[in-house]
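Biologist: Got a minute to go through this model with me? Please pull it up.

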Amino acid sequence: MVCIPALFRTALRLSERFSLPALPYKLDALEPHISKRTLEHHYGKHHQAYVNKLNALVKDSENPAHMKIESIIKTEKGPIYNQAAQVWNHSFYFNCLGPRDEDTSSPLGPTLKRIERDFGSLENFKNEFKEKVLGHFGSGWVWLVYNTSNDKLEFLEGHDAQCPLSIAPRCSPLLCCDVWEHAYYLDTQHDRAKYFENFWSVINWHFVNEQFMNNLLETY
């Protein structure tokens, strides 16, 4: 059974309108790795725009008002899917990040053990993650997922708005890196490698571990 992140079980329900989920940190909390200016544009403008466009599309569609965003992602195609998936993807991404402290600065027990089992070492994991991010052609996402069909951690690439909930229903997302240029261009311009290092420096491993543990509880 795939576990939907607890973060979204109540935050992204469709009542009359979707709303932009609040960031779990201040706009300047990720500096110097990800600037306040980038978050003002990435979260405040791009993410908000996806929410606004989704509301407009759903209003003009035949979708029932009680549908959750996960249901829309799993059943819809075209523009509604793209906007809903981008709202969900960005909400997940921003919660994968956080200010660096002792509790979030490195993978925690169960997650670290599974990374070492499935990738050989944390260094191998980081190198493969970086390779996927740098090698991804065009815009999209690189996800760390827990594959419930083989009990392994794996990388999954999504192009444009593709979301794991629709393209890999047996996989649960644990961590993602946004490789759309708007995620990093203001800080590092075309230098995606530098962006990855900045991203790596502010991963919220507590959140990643929480997603993994929730999936283990659901699976076993």
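Biologist: How much area does the protein chain expose, and what share do carbon and sulfur atoms supply?
Modeller: About 10500 Å² is exposed, and carbon and sulfur atoms supply 50% of it; the areas come from the Shrake-Rupley method with a 1.4 Å probe. This is a predicted model, where local features need pLDDT of at least 70 and side-chain atom pairs count only at pLDDT 80 or more, while totals for chains, interfaces and linings use all residues. Residues are numbered from 1 along each chain as its sequence is written, and side-chain values use heavy atoms, leaving out hydrogens and water.

Biologist: Okay, what about helices and strands: how many are in the protein chain?
Modeller: The protein chain has 10 helices and 3 strands, taken as DSSP runs (helices H or I, at least four residues; strands E, at least two).

Biologist: In which order do the strands sit in the sheet?
Modeller: The order is β2-β1-β3, in an open sheet with antiparallel pairing; strands count as paired if DSSP finds at least two bridges between them. The edge strands are β2 (152–159) and β3, each pairing on one side only.

Biologist: How many bridges hold each pair?
Modeller: β1 (residues 140–147) and β3 are joined by 7 bridges, with Tyr 146 partnered by Ser 172 in β3. Between β1 and β2 there are 8 bridges, and Val 142 stands opposite Glu 157 in β2.

Biologist: Is β3 mostly covered or exposed?
Modeller: Mostly covered: 8 of the 8 residues in β3 (residues 171–178) are buried, meaning under 20% relative accessible area with a 1.4 Å probe, protein chains only.

Key
Buried means under 20% relative accessible area, exposed over 50%, partly exposed in between (1.4 Å probe, protein chains only).
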